[in-house]
Amino acid sequence: EARLEAINSRIAEFITGNGGEVLSTRNWGHRRLSFPIRKQTSGTYVLSRLRLSAHAVEELQRLFRLNEDVLRFLVVRAEEVPAPAQ
């Protein structure tokens, strides 16, 4: 939990430092992976919606690749970010 909070806060600091904003962050919890990744069979899923420039997205992806705690990530561009479902 502490490592997850540290990663999320580091990412939020990066986003706000590059002129973006975090719209929402949802922790989906600890789940079983569909296939082993680096000998790991489970992981914590987090969904974040954010507004960020294209150049900063490239840097964010670089940050994810360098972080050993992040097994996989996916960045998807949405034309209009809908409000998070409650």
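A residue is termed buried when its relative accessible area is under 20%, exposed when that area is over 50%, and partly exposed in between. These terms are applied here to a predicted model, beginning with phenylalanine 73, which at 31% relative accessibility counts as partly exposed because this value falls between the two cut-offs. Phenylalanine 64, by contrast, has a relative accessibility of 14% and therefore counts as buried.

These two residues also belong together in the description of the aromatic rings. A pair of aromatic rings is described by the distance of the centres and the angle of the planes. In the present model the count comes to 1 aromatic pair, and this pair is formed by phenylalanine 64 and phenylalanine 73, whose ring centres lie 5.1 Å apart and whose planes make an angle of 40 degrees. The arrangement is classed as tilted, because planes under 30 degrees apart would count as stacked and those over 60 degrees as edge-to-face.

A further feature concerns the backbone in the loop between strand 1, which covers residues 21–37, and strand 2, which covers residues 40–51, where arginine 38 is found. Although arginine 38 is not a glycine, its phi is positive, at about 50 degrees. Lysine 39 lies in the loop between strand 1 and strand 2 as well, and its phi, near 65 degrees, is likewise a positive value in a residue other than glycine. With regard to accessibility, arginine 38 has a relative accessible area of 52% and is therefore exposed, while lysine 39, with a relative accessible area of 81%, is also exposed.

How values were computed: Residues numbered from 1 in each chain as written. Predicted model: local features only at pLDDT ≥ 70, side-chain atom pairs only at ≥ 80, totals over all residues. Heavy atoms only, no water. Phe/Tyr/Trp six-rings, centres within 6.5 Å; stacked < 30°, edge-to-face > 60°. Buried < 20%, exposed > 50% of the residue type's maximum accessible area, 1.4 Å probe, protein only. Helix = DSSP H or I, 4+ residues; strand = E, 2+ residues; numbered from the N terminus.
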